[in-house]
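Thank you for making time this morning. I would like to walk you through one model, beginning with its packing and ending with its charged pairs.

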Amino acid sequence: MRILGLDIGQKTIGVAVSDPLGWTAQGITTIKRKNFTSDIAEVKKIYDEYGVETIVAGMPKNMNGTIGPSGEMVKEFCERMSNAFEPKIEFWDERLTTVAAHRAMLEADLSRAKRKKIVDKIAATYILQGYLDRISK
């Protein structure tokens with residue numbers, strides 16, 4: 001049972017996948033966004049390659065819990081993905097995951113250029129690991 005974690009942004013999509021037992025999340029790639037059709041095809045390719053059962057999409061919420069323009073964009077992307085290949089999709093509150101990812105990379109003493117390249121993949125890993133931790137309890 002593999003689970004795919006997505007950090008869906010306007011320019012990139014961070015991607016993480018769980019181990020077969022659903023205990024740990026590993027960041028695997030960052031998709032450079034082109035258009036919905038191409039972006040969804042890239043996600044579908046990974047979905048099929050890993051035999052994914054569920055997709056966990058990070059839902060960016062405002063600090064007061066409301067959904068803003070970024071959250072609406074994620075919902076639209078997931079609706080289009082559902083129309084394309086009918087995956088099971090769950091949303092995960094991603095507030096502060098990018099902040100946590102930046103903090104972890106700073107502690108690892110990564111250069112700004114390296115951080116920029118992998119921040120979305122790390123954020124997807126945080127989103128997925130949070131979800132995995134919740135379902136394991």
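I will start with how the model is to be read, and then turn to the core and the salt bridges.

This is a predicted model, in which local features need pLDDT of at least 70 and side-chain atom pairs count only at pLDDT 80 or more, while totals for chains, interfaces and linings use all residues. Residues are numbered from 1 along each chain as its sequence is written, and side-chain values use heavy atoms, with hydrogens and water left out.

The largest nonpolar core, meaning buried Ala, Val, Leu, Ile, Met, Phe, Trp, Tyr and Cys residues joined through side-chain atoms within 4.5 Å, has 21 residues, and those touching the most other members include Leu4, Val43 and Met81. Buried here means under 20% relative accessible area, exposed over 50%, and partly exposed in between, with a 1.4 Å probe and protein chains only. Val43 itself touches Leu4, Leu6, Ile31, Ile55, Phe77, Met81 and Phe85, leaving aside residues up to four places away in sequence, where contact means heavy atoms within 4.5 Å.

Turning to charge, the structure holds 6 salt bridges, each a side-chain nitrogen of Lys or Arg within 4 Å of a carboxyl oxygen of Asp or Glu. One of them joins Arg33 and Asp39 at 2.7 Å, N to O, and both of these residues are buried. Lys88 pairs with Glu90, their closest N and O atoms lying 3.6 Å apart, and these two are linked with Arg134 in a network of salt bridges. Lys88 counts as partly exposed because its relative accessibility is 45%.
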